[in-house]
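Visitor: Got a minute to walk me through this one? I'd like to start with the cysteines.
Guide: Sure, pull it up.

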Amino acid sequence: MKKAVVIGGGISGLSCATMLAEEGVYVLLVSPYPSERSQSVMAAGGINAVFDPCSQGDSISCHIEDTLRGGRFIAGTESVTGLCREAESIIRYLERLGTVFTTDDDNKPLRRAFGGQSFRRTCFCGTSTGKQIVSGLVMDARRLESAGLIERRPWVFFHSALIKDGVCYGALLFDERGGSLLVEYADAVIVATGGQNALFGKTTGSTQCDGYAVGRLFQQGVELKNLEFIQYHPTTLETSQKKMLISEAARGEGGRLFYIKNGERVYFMEAAFGDKGNLMTRDVTSRQMVNTGEEIFLDISFLPDRLIKSRLHEVWLLCEKYRGIDVTKEPIPVSPSVHFFMGGIAVHNNHETNIQNLFAIGECASIYHGANRLGGNSLLAAVYSGRLAAKEVAGRESVREKPDFAGFISDEKNRMDRIISEKSPFPVMYIRDLLSETMNKSMGIIRERASLEDGINDVEYYISIAERLRYDSSVSRYANYTLGAMLTLAKAMLSCAVERMESRGAHYRADYPGESQDYRAATIVSYQDGDHAVRFDKECAYES
């Protein structure tokens with residue numbers, strides 16, 4: 001029986017694991033926390049699909065065009081076409097799992113407007129679409145667990161891939177409870193670890209998504225792509241713990257952005273872009289907000305109370321709970337925050353990396369979004385990518401011979417022992433905090449060469465001391481050994497941003513404010529012996 005190791009228990013990981021199991025592949029699902037705690041549950045707004053009956057004038061080809069345009073034409077046409085064409089079947093699949101979409105009087109899914117889209121095509125479950133999808137997938141996974149086709153490993157983390165001569169033979173895992181390394185040989189490893197939120201500290205996402213797996217695979221020879229493209233969500237609410245997402249659904253239902261000047265409201269997005277100004281793409285909206293230099297508010301108070309408490313229920317609840325704001329009566333103070341990473345592991349259309357039998361899916365894979373993601377496309381890509389990779393793995397022959405990795409495993413054990421025994425005055429989390437300060441300063445909404453190079457210098461210093469730090473008992477054992485790979489990934493992100501000397505999508509350079517045809521290409525970064533090599537691929541890399 002073939003075996004696959006799936007790293008990550010969010011929507012993409014669950015979609016992949018369940019389909020693999022249905023195809024007769026034994027799945028080891030590695031996720032330290034329950035899927036109900038994954039970042040996927042935070043996806044509030046909805047999932048895009050064009051299906052009959054669609055909005056007048058809408059079509060699958062229009063969805064494809066909007067996605068490519070929103071990504072500023074550096075996503076692969078073939079991959080985006082596949083994504084959009086499968087959207088309707090994915091909605092039907094989710095309905096069969098029990099996802100309860102908000103419907104109209106004819107019991108057909110309602111669709112709301114989302115930024116950067118020509119028509120209403122975003123299906124939703126109030127403002128808890130991600131939760132609904134996770135719930136359905138979890139129940140399906142439990143059915144397959146009870147049949148002995150999926151084994152879930154709680155409190156186990158990814159450590160390294162087992163790679164030899166360009167082929168992946170399994171994964172080395174870290175058991176947090178016992179502090180030991182576990183060897184798992186497999187016919188395929190599928191990475192579904194999300195974005196790298198922890199590099200930036202307080203964001204809209206989960207700090208469980210720390211970027212370690214991507215950084216470690218990069219160190220092991222896996223190529224990365226488009227790391228400079230980081231989506232800032234324009235509407236988040238500041239709290240003491242994190243940036244709380246005010247879903248784009250609030251603007252899709254008619255919410256308006258404004259600031260106050262001389263006692264009067266200025267609806268700046270409408271002034272700049274007309275009636276659809278509040279639903280411009282997220283990169284455009286975030287830059288406009290920053291450029292005003294003013295405190296920005298989002299107003300939905302004029303909408304009917306019944307609509308707010310049904311379709312925008314979570315927005316209403318979180319504003320009341322965390323800031324005591326009654327959105328039916330007063331506006332919401334909002335600001336942009338790091339939200340989604342278009343860049344990640346470079347993959348082929350079947351989601352295989354440049355390493356044979358190693359796949360990446362979901363947010364950690366860079367393929368569909370180009371320079372900027374459309375709202376509603378991330379949930380679609382999470383389900384689609386997981387199922388696509390599963391089909392590819394299920395259709396392959398088993399890997400017969402497994403090399404001996406005893407030397408590699410011994411070296412990794414020794415490296416971990418060195419990290420946790422150092423007597424440095426600086427604990428690991430102190431450097432993690434410095435890293436987030438550096439990344440927020442250098443990789444903000446508006447960038448320039450000087451601040452990017454300063455960021456690289458800072459990160460290079462952190463790298464030089466990363467394995468000479470003090471064990472930090474305030475966090476998990478896992479968190480103590482992840483820093484080196486996270487820093488390597490941070491330097492790769494900064495290097496990509498320095499080399500892209502133009503402004504495109506979510507990457508805006510004040511010193512190069514326009515798009516350039518020379519950079520209408522994917523950014524590919526590779527790692528060898530500590531060096532980061534950046535190149536631009538006008539074929540949008542791995543498209544075939």
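Visitor: Is C168 buried or exposed?
Guide: C168 counts as buried, because its relative accessibility is 1%. Buried means under 20% relative accessible area, exposed over 50%, and partly exposed in between, with a 1.4 Å probe and protein chains only. Bear in mind that this is a predicted model: local features need pLDDT of at least 70, side-chain atom pairs count only at pLDDT 80 or more, and totals for chains, interfaces and linings use all residues. Residues are numbered from 1 along each chain as its sequence is written, and side-chain values use heavy atoms, with hydrogens and water left out.

Visitor: How many disulfides?
Guide: Zero. A disulfide here is a pair of cysteine sulfur atoms within 2.5 Å.

Visitor: Why no bond for C168?
Guide: Because its closest cysteine sulfur, in C16, is 13 Å away, too far for a bond.

Visitor: And C123, what is the closest cysteine sulfur there?
Guide: The one in C125, at 8.8 Å, so that is too far for a bond. C123 counts as buried, at 0% relative accessibility.

Visitor: Switching to sheets. What is the strand order in the open sheet of three strands?
Guide: The order is 3-5-4, with antiparallel pairing. Strands (E, at least two residues) and helices (H or I, at least four) are DSSP runs, numbered from the N terminus. Two strands pair if DSSP finds at least two bridges between them.

Visitor: Which are the edge strands?
Guide: Strand 3 (47-48) and strand 4 (111-112), each pairing on one side only. Strand 4 is joined to strand 5 (residues 122-123) by two bridges. R112 stands opposite T122 of strand 5.

Visitor: Now helices. At what angle do helix 14 and helix 17 pack?
Guide: About 10°, with the axes 11 Å apart. Axes are lines fitted to C-alpha atoms, for helices over the stretch in contact, and angles run from 0 to 180 degrees between N-to-C directions. Helix 14 and helix 17 are therefore roughly parallel. That label covers angles under 35 degrees; over 145 is roughly antiparallel, 65 to 115 roughly perpendicular, and the rest oblique.

Visitor: Which residues make the contact?
Guide: Helix 14 gives V428, I431, R432, L435, M439 and S442, and helix 17 gives L483, M486, L487, A490, M493 and L494. Contact means heavy atoms within 4.5 Å.

Visitor: What about helix 9, which residues are buried?
Guide: R282, D283, V284, T285, S286, R287 and M289. They pack against several elements, including helix 8 (268-273) and strand 17 (332-341).

Visitor: What comes just after helix 9?
Guide: G293, with a positive phi of about 70°.
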